[in-house]
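Work through the following exercises with the sequence and the structure open. Each task is followed by a solution in steps.

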Amino acid sequence: MTEVANGEGPSTSSSSVIIRDGDNVVMDANGYKSLVTIKKGSKAKVGKVHVNLDPIIGQHYGVQFELGQNGRDISVKRHKSDRAAAWAAWKTVTSERNNSELQDSMMNQGLTTEHIEAMKNANVGGEAIVNALLANSETFEAKTEFSQEKYLKKKTDKYTVRATVERPTARSLAETLFSWRPERIQYMRADTLAMLLTMANVGAHGRALVLDACGGLVTGAVAERMGGFGQVCSACTELKGPATEYVRYFNFPPEVKASIKSPPLSVLLAYRQQCMADAPTEESMAGATSQQKEDAGQNAKSAAGQVNGALTDTDMAPLESNSPVQPVHGASPTQQQQQPEGVLPLPQEQQQQQDSKSGMHLSELRYELGPELKQACSSGFSSCILASPNIDPSVLLRRVMPLLAPSASFAVFSNWMQPLADCMFKLQVSKEAVALQLNESWWREYQVLPGRTHPCMMTSGTGGYVLSGTKAAP
Amino acid sequence: MLCNSQGDVPGSPSTRTIASGDLVIVYERFDSMKAYDVDASKTYHGRFGLFPVKEWIGKPFGSRVYAKSSAGGQQGWVYILAPTCELWTMVLRHRTQILYAADIAMICTFLELRPGCTVLESGTGSGSLTHALARAIAPTGHVHSFDFHHQRASEADTEMKSHGLGELVTVRQRNIEEDSFPEELHGKADALFLDLPRPWKVARSAEACLRPDGVFCSFSPCIEQVQRTCEALAACLFTAPRTMECLLRSYEVSNEKMVVDLARAEEALLHARKRKRSSKDGGSGGFKGRKQKTGADSEQAAPEAGEGASAPTASGVAPEQRLAAQQEGDGKEFQVLALPTAEARGHTGYLTFARRLIDPVLASPPSVASKEANGTSEA
């Protein structure tokens, strides 16, 4: 009700905070997160069991429920703010007990597996089982308060499923995918995604160019931040089809969906080339800068062709055409995607492809750029995120740079530092970009409890590296 | 200017050229940037010379502009960049301690901000975060920012307006710890951020302001503050508390000469010594080669290329020279290497997040406990 009263923005209207039939949600079951689609009348997986989630349709996001022991009945719970009492209690705890007398033995627990199974079948509820376990434990009383609490939590997690339904956002999806399917998102951690969005200056009314090998997570995160204002151009290559898998999990309203376009990168580059042909002065300048960027050996060879201002096909040829293994025209999408991304287009090989205008694929030529993308191509993108760590960032950035507006912010993600360091050095030398930074985000969580505050034991070692900078005008 | 807030897409700063009255970031080198209001009648005095500002007019943002003249006959240059929140954070005048990129990125993402959101902030401080919040909720959301310091609040308010963010941000003077957030904001906030010495005093007010499932965040340098804040949150209608720390580990990149052929390097060194003995001013040993610089632009080349690097390393060495050095046969090779910056921020603060509880639609009649809960939720 409160959210209806305030009509300040389209995306905070009540509809997006209420769970609807057909929504994709993040399901947190005892701390384990997964992605689930809510469909009236059908079952979805929660924890280890499949249940009908009809009772949560119409609930507010953030709703909690418990599963019955039969794994069927779900009961929506009112959140209890009972931690206050726990805080007060823990503050006075000064345990004198220790575990010096504890013996590890199978006999410590009086209940047998058969007992427990019987209770489960009788559907007495998780709480009852846990209470029975406590009552039949020889050692529970002797444990310290701290380990009693741990024991209790462990058993509760085992015999009850408490789930929370989270609204899918860039944050919740990034965290879920990082713990659930990290390989699908190139092991990009949520804090690193946050850095990319910030360093690339993603915001409403921008024109963002994204190369997303993270299954659409980055594309979705950019689209969420822009909320349908401006253009999200998630360019695809022959190596990587359009990144859409996780975009749909954001439950975007139509206006946001409409702001996302997935043209082939080569089409963008071809259109850009066409624009520059109309403005000869600009062209020769761009030619000069791309020349600077080349490596020494290549530089010497190709300089002659570039001094006169003509951009060689080397610079503008579609990325895919340089791939040693050329995808066959009729190849099925799956076949193309199976092609390892590790097969990289190397700068040297571009030389051999010098006059390969025919390298463009039929499907790409058919892609019709809309007026917004044409506008973006001709005046340049204002933000750029490259999250395709299996393509050498130097190669990729060189290709993409002509598409960026002067003073555009860009951020490049990689799991490895060295390719980004090389790329940064090349940019320093060519002076194509300024305000360059190579960063790694460091992140750790804390357990905060009375008398027991400390960093969490388990943490991820790395979430990837980010090279960021601002494009200098040519 | 900031946040692409000026009108529709074709008019945004990146496609527009520089005009009088624009805010630009003058980029001298990686460790030297300044915010500057473009005024065609003025001259910009920088470390690389005097720049007639009228020459900047009509140039695209991101352009390199040259000094009129400078000492030593070398012509200096700077870049004039379009302002972004990140650049602004680097150049702004500190009225207080400020939040930096890593924390700002975390806060915007973990508060789940998107266009249309209403965000509350206290205190405003130097407005470093405020700009990023505005960018994230533009063009349809709003940031209500409060600072207990009169001058700071009014300065920040003026600044927001001059940056074209007046429609998106309201800065007011108010002591949030003592007086809480204004009642008219109850139940209106999608997200709320506190950077206060005693954030626990604001837990109740935060509970009242946040919508169901809205996100709370508090930034505190000390763990004792975190402890008390978490305790206060536990007593209010909040769930899923999380405390975290995030930092940026920054790397310097430079091109360093490394011995790759030990025998050859030793030989070259012996040679050099012999030559030095025979003629007193001869011999350029391999080590001196480290200070090579790139051709005509040498004046600024070294600092320029050394983004993040401070020492006079060979960072400005062009690839051609790199190749030449290898062919010298001194057994050394240039390699691009990354090194964590010597001085790094070790701690900024702890971020504590929590979510406002919701009132679920229950099938069974509400219990006594839930009535209590209703009483404390917003009216």
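**Exercise 1. A salt bridge within one helix**

Task: Find the salt-bridge partner of Asp157(B), and state how the two residues are placed in their helix.

Solution.
Step 1. This is a predicted model, and in it Asp157(B) pairs with Lys161(B), with 2.7 Å between the closest N and O atoms.
Step 2. Both residues belong to helix α4 (residues 150-162) of chain B, and because they are four residues apart, about one helical turn separates them.
Step 3. An α-helix has 3.6 residues a turn, so residues three or four places apart point the same way.
Step 4. Buried means under 20% relative accessible area and exposed means over 50%. Asp157(B), at 17%, is therefore buried. Lys161(B), at 51%, is therefore exposed.

**Exercise 2. Salt bridges between strands**

Task: For Arg211(B) and Lys33(A), name the salt-bridge partner and say which elements each pair links.

Solution.
Step 1. Arg211(B) forms a salt bridge with Asp190(B), the closest N and O atoms being 3.0 Å apart.
Step 2. Arg211(B) is in strand β11 (residues 210-220) of chain B and Asp190(B) is in strand β10 of chain B, so the bridge ties together parts 21 residues apart in sequence. Both residues are buried.
Step 3. Lys33(A) bridges to Glu166(A), with 3.1 Å between the closest N and O atoms. Here strand β2 (residues 32-37) of chain A, which holds Lys33(A), is linked to strand β7 (residues 161-166) of chain A, which holds Glu166(A); the two residues are 133 residues apart.
Step 4. Lys33(A) and Glu166(A) are both buried.
Step 5. The structure holds 29 salt bridges over all chains. Through shared partners, one network joins Lys33(A), Glu166(A), Arg167(A), Arg171(A), Glu175(A), Glu445(A), Glu112(B), Asp213(B), Arg242(B) and Arg355(B).

**Exercise 3. An annotated site in chain B**

Task: Locate the residues of the UniProt "binding site" annotation, then describe the surroundings of Ser126(B) and Asp195(B).

Solution.
Step 1. The annotation, from an unreviewed UniProt entry, covers Ser126(B), Gly127(B), Ser128(B), Leu129(B), Asp147(B) and Asp195(B). They span 70 residues in sequence, yet no two of their C-alpha atoms are more than 13.3 Å apart, so they gather at one spot.
Step 2. Ser126(B) sits in the loop between β7 (118-122) and α3 (128-137) of chain B, and its relative accessibility of 2% makes it buried.
Step 3. Beyond four places in sequence, Ser126(B) touches Leu92(B), Arg93(B), His94(B), Arg95(B), Thr96(B), Ile98(B) and Glu159(B). Its side chain reaches the backbone nitrogen of Thr96(B) at 2.9 Å.
Step 4. Asp195(B) is in the loop between β10 (189-194) and α6 (203-209) of chain B. With a relative accessible area of 30%, Asp195(B) is partly exposed. Its contacts beyond four places in sequence are Ser122(B), Gly123(B) and Phe219(B).

**Exercise 4. Helix α18(A) and the nonpolar cores**

Task: List the buried residues of α18(A) and what they pack against, then describe the nonpolar cores.

Solution.
Step 1. In helix α18 (residues 371-379) of chain A, the buried residues are Leu373(A), Ala376(A), Cys377(A) and Ser379(A).
Step 2. These pack against β8 (206-212), β9 (230-234), β10 (260-261), α11 (265-278), β11 (381-387) and β12 (404-414) of chain A.
Step 3. After α18(A) comes Gly380(A), which has a positive phi near 100 degrees.
Step 4. The largest nonpolar core has 77 residues, and Leu217(A), Val218(A), Val222(A), Ile385(A), Leu111(B), Leu113(B) and Leu351(B) touch the most other members. Helix α2 (residues 101-110) of chain B gives the most to this core, with eight residues.
Step 5. Leu351(B) has contacts beyond four places in sequence that include Met106(B), Ile107(B), Phe219(B) and Met244(B).
Step 6. A separate core of 44 residues includes Leu239(A), Ile391(A), Ala408(A) and Leu427(A).

**Exercise 5. Confidence in chain A**

Task: Which stretches of chain A have pLDDT under 50?

Solution.
Step 1. Chain A has a mean pLDDT of 77, and 75% of its residues reach 70 or more.
Step 2. The pLDDT stays under 50 over residues 1-14 of chain A and over residues 281-358 of chain A.
Step 3. For residues 281-358 of chain A the model has 131 contacts beyond four places in sequence. Where pLDDT is low, the predicted coordinates should not be read in detail.

Terms used:
Residues are numbered from 1 along each chain as its sequence is written. Chains are lettered from A and ligands numbered from 1 in the order in which they are written. This is a predicted model: local features need pLDDT of at least 70, side-chain atom pairs count only at pLDDT 80 or more; totals for chains, interfaces and linings use all residues. Side-chain values use heavy atoms; hydrogens and water are left out. pLDDT is the predictor's confidence in each residue, from 0 to 100. Contact means heavy atoms within 4.5 Å. UniProt positions are given in the numbering used here, feature names are shortened, and annotations may be inferred rather than shown by experiment. Buried means under 20% relative accessible area, exposed over 50%, partly exposed in between (1.4 Å probe, protein chains only). A polar contact is a pair of N or O atoms within 3.5 Å; within protein, one must be able to donate a hydrogen and the other to accept it, and residues adjacent in sequence count only if both atoms are side-chain atoms. A salt bridge is a side-chain nitrogen of Lys or Arg within 4 Å of a carboxyl oxygen of Asp or Glu. A nonpolar core is a set of buried Ala, Val, Leu, Ile, Met, Phe, Trp, Tyr and Cys residues joined through side-chain atoms within 4.5 Å.
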